[in-house]
Amino acid sequence: MIDQQILQQYPFKIINYKKGAYIFEKGNTPRYYFQIISGGIKMSYYNDKGNEFIQGIFGKNKSFGEPPLIANLKYPANAIALSKSSIIQIPKSSFEQLLTDHHSIHLNITKMLSKRLYFKAVMANGITSNSAEEAIISLFNYIKFNVYNQTEDFSCRIDLTRKNIAGLTGLTTETTIRKIKEMESQARLKIIDGKVYY
């Protein structure tokens with residue numbers, strides 16, 4: 001996250017989106033850096049069969065869509081508001097100037113993008129294992145240890161819907177629900193008020 005006081009030293013706009021609104025679509029040319037003030041965003045695309053694949057979910061103070069912006073490539077997925085969201089946007093040229101002006105921010109962006117690449121590698125390992133359970137465990141382990149830095153059993157609340165989990169792991173929603181119930185019966189996770197604790 002870039003401090004908003006620094007962001008506002010450059011040309012910026014704050015735009016409000018309704019739930020379900022598209023911030024950008026797959027195939028669009030990136031023109032802005034985006035950072036979430038409130039709400040949440042998912043980046044996803046649909047295959048030829050109409051199945052949704054979620055590439056990432058981003059919440060308050062998180063940025064999204066930087067790799068194609070920096071690499072001058074078209075967006076590989078849609079960015080859609082998961083809820084009413086307020087997002088700050090800065091033109092590409094101003095964002096590049098910000099990175100030139102603030103080397104520590106440039107380094108932090110590099111670290112953040114590296115963590116996202118690591119996450120995709122972890123998830124690819126889980127998905128290619130042909131084990132639904134291993135794919136789900138890979139996702140939960142990443143969230144618990146790398147996002148929230150938790151170590152105690154059942155200390156991490158997984159704030160994703162079953163559909164979100166399915167989209168991130170490449171599984172069907174039905175398979176995800178079944179496997180999570182099986183894992184609960186094996187005491188590998190807990191479900192409290194419909195939320196998974198891992």
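Let me start with Glu96, which is partly exposed, with a relative accessible area of 38%, and which in this predicted model pairs with Lys92 in a salt bridge whose closest N and O atoms are 3.0 Å apart. Both residues belong to helix 3, residues 92–101, where they sit four residues apart, about one turn of the helix. That spacing is worth a moment, because an α-helix has 3.6 residues a turn, so residues three or four places apart point the same way. The Lys92 end of the pair counts as buried, at 18% relative accessibility, and since the cut-off for buried is under 20%, I would ask you to keep the value itself in mind as well as the label.

How many salt bridges does a search of the whole structure find? There are six, and I will take two others besides the one in helix 3. In one of them, Glu66 is joined to Arg116, with the closest N and O atoms 2.7 Å apart. Glu66 lies in helix 2, residues 66–71, and Arg116 lies in helix 4, so this pair ties together parts that are 50 residues apart in sequence. Glu66 is buried, with a relative accessible area of 0%.

Arg116 also appears in the surroundings of Ser63, a residue of strand 6, which covers residues 63–64. Leaving aside residues up to four places away in sequence, Ser63 touches Tyr33, Phe34, Gln35, Phe58, Met112 and Arg116, and at 5% relative accessibility Ser63 counts as buried. In the loop that leads from strand 5, residues 52–58, to strand 6 we find Asn61, which is partly exposed, with a relative accessible area of 26%. Asn61 has a positive phi of about 70° although it is not a glycine, and the background here is that most residues other than glycine have a negative phi. Asp193 is another such case, with a positive phi of about 50°, and its place is in the loop between strand 10, residues 190–192, and strand 11, residues 195–197. Asp193 is exposed, with a relative accessible area of 81%.

The other salt bridge I want to show is between the side chains of Arg157 and Asp159, at 2.6 Å from N to O. Both partners are partly exposed, Arg157 at 38% relative accessibility and Asp159 at 44%. Tyr148 touches both of them, along with Ile143 and Cys156, again not counting residues up to four places away in sequence. Tyr148 itself lies in the loop between helix 5 and strand 9, residues 157–158, and is partly exposed, with a relative accessible area of 41%.

Now to the interior, where the general expectation is that in soluble globular proteins nonpolar side chains tend to be buried together. The largest nonpolar core here has 19 residues, and those with the most contacts inside it are Leu139, Phe140, Ile158, Leu160, Ile165, Ile180 and Leu189. The elements that give two or more residues to this core are helix 4 (103–128), helix 5 (132–147), helix 6 (162–169) and helix 7 (173–185), and the largest share, six residues, comes from helix 5. If we look at Leu139 in particular, and again set aside residues up to four places away, we see it touching Phe119, Met123, Leu160, Ile165, Leu168 and Thr169.

Is helix 6 largely enclosed or largely open? Seven of its eight residues are buried, so helix 6 is largely enclosed by the rest of the structure; among the buried ones are Arg162, Asn164, Ile165 and Leu168. Just after helix 6, Gly170 takes a positive phi of about 80°.

Finally, how do helix 6 and helix 7 pack? Their axes are 8 Å apart and the angle is about 110°, which makes helix 6 roughly perpendicular to helix 7. On the helix 6 side, Arg162, Lys163, Ile165 and Ala166 take part, and they meet Thr173, Thr176, Ile177 and Ile180 of helix 7. By class, this contact has four nonpolar, two polar and two charged residues. Two of the participants, Ile165 and Ile180, were also named among the core residues with the most contacts, and that is where I will stop.

Terms used: Residues are numbered from 1 along each chain as its sequence is written. Side-chain values use heavy atoms; hydrogens and water are left out. A nonpolar core is a set of buried Ala, Val, Leu, Ile, Met, Phe, Trp, Tyr and Cys residues joined through side-chain atoms within 4.5 Å. Buried means under 20% relative accessible area, exposed over 50%, partly exposed in between (1.4 Å probe, protein chains only). Contact means heavy atoms within 4.5 Å. Axes are lines fitted to C-alpha atoms, for helices over the stretch in contact, and angles run from 0 to 180 degrees between N-to-C directions. Angles under 35 degrees count as roughly parallel, over 145 as roughly antiparallel, 65 to 115 as roughly perpendicular and the rest as oblique. Ala, Val, Leu, Ile, Met, Phe, Trp, Tyr, Cys and Pro count as nonpolar, Asp, Glu, Lys and Arg as charged, and the others, Gly among them, as polar. A salt bridge is a side-chain nitrogen of Lys or Arg within 4 Å of a carboxyl oxygen of Asp or Glu.
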